[in-house]
Amino acid sequence: MTAPATVLRPHAEQEHAAELAALAAADERAKPPNWNLSPWAVVEYLLGGTLPDGTVITPKYVGPRRLIEVAVATLATDRALLLLGVPGTAKTWVSEHLTAAISGDSTLLVQGTAGTSEESIRYGWNYARLIAEGPSPAALVESPVLRAMRDGKLARLEELTRIPADVQDTLITILSEKTLPIPELGDEVQARPGFNMIATANNRDKGVNELSSALRRRFNTVVLPLPDSAEAEIEIVSRRVLELGTSLQLPAEAAELAEIRRVVTVFRELRSGRTEDGRTAVKSPSGTLSTAEAISVLTGGLALATHFGDGVLRPHDIAAGIHGAVVKDPVADRAIWLEYLETVVRERDGWSDFYRAGQEIS
């Protein structure tokens, strides 16, 4: 597939079609059944590299290589993959790119919510045809999971722990027997080789419903951590801000590295409860202050600088976004933010403009 010019956010397999094609052409290693790429090539696609013909594969994920290798190896077995982590650790991002590289289709997606029904995972019915004709294959409405089973592809299930427990248990037969019974038709769908599932879950608030031990056994869990170092997080944020700025027609090159570093520093210090130099303890607010939120703050700052400033990202453009990310509780978090401004930001060299902007917003 090629990405339509009018689409705001192309699917991964559309946006990176050239890289996937170059990897497929250079890939001489063994592939599991119905995989577009070998496990080695899938890891190269996620982590980036340079192919023998000079094609540069851009990194999609910055983090421990071994985690991605374990995730890809899991999908080559009969166990499903559960990507676990706090919000903003790229679980959905990794899930999308894994399915794009392996199946060439990242759209077989079930979004988990408290209202997700059994039909979303199994199948539903076209009730007009059901009433007119009775149960028939033509009246059946296939779920993304059923289509993945039939086609030998990967299915994605977002926010697994937000799905009600009785609906979660619908997955047990699918993942253990690789079969989806359709008793109304006296039939069943047996998964073709290549079928598997990637689920994501948030371990910060643990969602709404814990997984049963029976279902948890069907998954191999890979925990995606927050970036180890400030430099790694700055690299992630810089790359995504550039990509988002380009898609939104914002001058992403105006995102000064100093402001990116400032946002990342504030988030990391408030997350960890200690300043970068380790000398000062600070209180942590109730929010997650994830890498994804840092990207959002900077993208919002770029929009402010473009439409209401001189086009260059400055401290007052990011102050409001940081305030909104930090102050989730208007009483407790506001007090933490003001204390951080007074005890850390005020004394830091080169941060006086940001201090004044932070005070103004607060």
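**A walk from aromatic rings to the overall fold**

Let's start at Trp-125, which counts as buried with a relative accessibility of 14%. The model you are looking at is predicted, and the tour below moves from its rings to its charges, then to single elements and the whole chain.

Searching the whole structure for aromatic pairs turns up four of them. One of these joins Tyr-123 and Trp-125 in an edge-to-face arrangement, with 5.9 Å centre to centre and 85° between the planes. Why does Tyr-123 count as buried? Its relative accessible area is 3%, and the limit for that label is under 20%. Another edge-to-face pair is made by Trp-351 and Phe-354, where the centres are 5.7 Å apart and the planes meet at 90°. Here, too, both residues, Trp-351 and Phe-354, are buried.

Trp-351 is a good place to linger. Which residues make up its aromatic cluster? Trp-337, Tyr-340, Trp-351 and Phe-354 together form one cluster. Charged side chains join the picture as well: Arg-262 lies over the face of Trp-351, 4.9 Å from the ring centre. Arg-348 also places its charged end over the ring of Trp-351, at 4.8 Å from the centre. A further contact comes from Thr-265, a residue of helix H13, which spans residues 257-272. Setting aside residues up to four places away in sequence, Thr-265 touches Glu-276, Tyr-340, Arg-348 and Trp-351. So Thr-265 meets two members of the cluster, Tyr-340 and Trp-351, as well as Arg-348, whose charged end sits over Trp-351. Thr-265 itself is buried, at a relative accessible area of 7%.

Next, the salt bridges, of which the count comes to 24. Arg-122 pairs with Glu-118, and their closest N and O atoms are 3.5 Å apart. The two partners can be told apart by accessibility: Arg-122 has a relative accessible area of 18% and is therefore buried, while Glu-118, at 35%, is partly exposed. A second example is the bridge between Arg-240 and Glu-243, with 2.5 Å between the closest N and O atoms. How are these two residues placed along their helix? They are three residues apart in helix H12 (residues 230-247), so about one helical turn separates them. An α-helix has 3.6 residues a turn, so residues three or four places apart point the same way. Glu-243 is partly exposed, with 28% relative accessibility.

A third bridge joins Lys-328 to Glu-293, whose closest N and O atoms are 3.8 Å apart. This pair links distant parts of the chain, 35 residues apart: Lys-328 belongs to the loop between helix H15 (315-326) and helix H16 (332-345), and Glu-293 to helix H14 (residues 291-308). Lys-328 is partly exposed, at 46% relative accessibility. Elsewhere, Glu-44, Arg-65, Arg-66 and Glu-69 are joined into one network by salt bridges that share partners.

Helix H15, which ends before that loop, deserves its own look. H15 has twelve residues and reaches 16 Å from its first C-alpha to its last, close to the 16 Å expected at 1.5 Å a residue. Which of its residues are buried? They are Pro-315, Asp-317, Ile-318, Ala-319, Ile-322, His-323, Ala-325 and Val-326. The cover over these buried residues includes H13, H14, H16 and helix H17 (352-361). Among these, H13 is the helix that holds Thr-265, and H14 is the helix that holds Glu-293.

For a residue in a strand, turn to Leu-81 in strand E3 (residues 80-85). With a relative accessibility of 0%, Leu-81 counts as buried. What surrounds Leu-81, leaving aside neighbours within four places in sequence? Its contacts are Ala-71, Thr-74, Leu-75, Leu-98, Met-197, Ile-198, Ala-199, Phe-219, Asn-220 and Val-222. Of particular interest is Asn-220: it lies 139 residues from Leu-81 along the chain, yet their C-alpha atoms are separated by 5.1 Å.

Finally, step back to the whole protein. It has 17 helices and eleven strands. Its C-alpha atoms fill a box of roughly 70 × 50 × 40 Å along the principal axes. For 362 residues, a compact globule would have a radius of gyration near 21 Å, and the value of 23 Å for this protein agrees with that. Of these residues, 48% count as buried. Among contacts between residues at least 6 apart in sequence, 70% join residues at least 24 apart.

Definitions and conventions. Residues numbered from 1 in each chain as written. Predicted model: local features only at pLDDT ≥ 70, side-chain atom pairs only at ≥ 80, totals over all residues. Heavy atoms only, no water. Phe/Tyr/Trp six-rings, centres within 6.5 Å; stacked < 30°, edge-to-face > 60°. Buried < 20%, exposed > 50% of the residue type's maximum accessible area, 1.4 Å probe, protein only. Lys NZ or Arg CZ within 6 Å of the ring centre and 35° of its normal. Helix = DSSP H or I, 4+ residues; strand = E, 2+ residues; numbered from the N terminus. Contact = heavy atoms within 4.5 Å. Salt bridge = Lys/Arg side-chain N within 4 Å of Asp/Glu carboxyl O. Expected span 1.5 Å × (residues − 1). Rg over C-alpha atoms; globule rule 2.2 N^0.38 Å.
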